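Here's a short set of exercises to work through with the model open beside you. Try each task before you read the solution.

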Amino acid sequence: MSKEVKPVNKANKVTRDDIKDSIQMEKPIDQNITQPQNFFTYINEYNSYHTAHVLKKILGAKPENLKYVCLVISSVRPEIAEKILEEFQDDIKAIIISELMSLIQYTKKEIENFDKILRRLLTEQFGGKYVLAKILEYLDIDQKINLSNVYKVKYPENEKDFRGIMIMFEDLFKVSEKDFLRIFSEIQSDILSIAFCHQPQEQISRLYDVLPKGVKNIVQQGIELGKNKYSKSDINKSQQYIIELSKNLERDGFIEPILKEEPNKT
């Protein structure tokens with residue numbers, strides 16, 4: 001009989017430390033016991049999102065399949081396990097972590113069978129938000145704005161998710177002064193010069209306000225020299241670098257969410 005899963009208080013938000021602690025717990029070292037680490041070796045950072053998607057479907061089909069979710073998470077490298085767990089809602093994360101606190105018994109045949117099933121299912125998974133995000137990186141700002149406007153009209157119910165994938169350089173100017181300082185104080189002067197060489201003066205002035213005098217002078221000269229030097233591709237790459245750094249700061253909790261919830265219009 002499968003073990004009953006107790007509901008978890010959603011107010012108790014699962015932290016990244018909780019996840020790391022649970023997936024780095026000591027595992028048995030008896031050499032006569034089949035080690036899960038010998039399986040699921042095909043799961044990596046590139047397909048971790050797809051893996052989580054498949055595991056969510058498997059868990060949704062039967063609650064008792066939770067043991068297989070735990071099997072995969074405890075078998076892969078900790079940094080991959082963390083990526084997989086991040087795709088689950090907090091209440092499910094808490095249940096998974098609770099299960100991982102205890103040793104779960106699997107037969108060798110169970111592990112082998114699920115390893116084969118998951119491998120096959122992953123070969124049938126294509127696309128996904130991370131693949132789309134990488135494609136969108138190659139669009140310049142005009143293309144992103146046009147695409148965003150069209151998408152908003154055609155698929156308003158999904159616009160929030162889409163914008164979460166396609167953060168634009170202009171979005172970084174909507175953050176608080178504290179977060180703006182945190183973001184742009186991290187960037188090298190040559191990247192700033194390229195990223196801002198065709199930006200409106202209002203945005204350039206805001207940048208200058210947060211830079212030390214010496215850095216400001218270097219960036220100012222770089223912007224002037226770069227106006228007729230850098231291509232759209234060069235500018236897009238520099239802006240995308242800043243966007244990715246900002247997303248990392250947001251993910252790690254150093255800045256507030258870049259895209260704020262819009263108030264409901266009544």
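Four exercises follow, each with a worked solution.

Some ground rules: this is a predicted model, where local features need pLDDT of at least 70, side-chain atom pairs count only at pLDDT 80 or more, and totals for chains, interfaces and linings use all residues. Residues are numbered from 1 along each chain as its sequence is written, and side-chain values use heavy atoms, with hydrogens and water left out.

**Exercise 1. The overall picture**

Work out how many helices and strands the chain has, and what share of its residues is buried.

Step 1. Take helices (H or I, at least four residues) and strands (E, at least two) as DSSP runs, numbered from the N terminus. The chain comes out with 14 helices and zero strands.

Step 2. Call a residue buried under 20% relative accessible area, exposed over 50% and partly exposed in between (1.4 Å probe, protein chains only). Of the 266 residues in the chain, 39% are buried.

Step 3. Now look at contacts, meaning heavy atoms within 4.5 Å. Among those with a separation of 6 or more, 78% join residues 24 or more positions apart.

**Exercise 2. A helix under cover**

Find out how many residues of α5 are buried, and which they are.

Step 1. Eight of the 11 residues of α5 are buried, and the helix is mostly covered.

Step 2. The buried ones are D91, K93, A94, I95, I96, I97, E99 and L100.

Step 3. K93 deserves a second look: its relative accessible area is 9%, yet its side chain meets that of D90 in a salt bridge (3.6 Å, N to O). A salt bridge here is a side-chain nitrogen of Lys or Arg within 4 Å of a carboxyl oxygen of Asp or Glu. D90 is partly exposed, at 23%.

Step 4. K93 and D90 are three residues apart in helix α5 (residues 90–100), so about one helical turn separates them. An α-helix has 3.6 residues a turn, so residues three or four places apart point the same way.

**Exercise 3. Bridging two helices**

Count the salt bridges, then say which helices E110 and K67 lie in.

Step 1. The count comes to eight salt bridges.

Step 2. One of them joins the side chains of E110 and K67, at 3.0 Å from N to O. E110 belongs to helix α6 (residues 108–122) and K67 to helix α3 (residues 66–75), so the pair ties together parts 43 residues apart in sequence.

Step 3. Check the surroundings: E110 is partly exposed at 21%, and K67 is partly exposed at 25%.

Step 4. For another pair, try K227 and E224, whose side chains meet at 3.4 Å, N to O. K227 is partly exposed at 34%, and E224 is partly exposed at 49%.

**Exercise 4. An enclosed space**

Describe the lining of the second largest cavity: how many residues line it, and which helix gives the most?

Step 1. On a 1 Å grid over the protein atoms alone, a cavity is a set of points where a 1.4 Å probe fits but cannot get out; lining residues have an atom within 4 Å of a point. Searching the whole structure turns up two cavities of 30 Å³ or more.

Step 2. The second largest has a volume of about 50 Å³, where volume is the space filled by probe spheres set on the points, joined across faces, edges and corners.

Step 3. Its lining holds 11 residues, with K144, F169, N236, Q239 and I243 nearest the centre.

Step 4. α8 (141–154) and α14 (232–251) each supply at least two lining residues, and α14 gives the most, with four.

Notes
1 Å grid on protein atoms, 1.4 Å probe; cavity = no way out; pocket = protein on both sides within 12 Å on 5 of 7 lines; lining within 4 Å.
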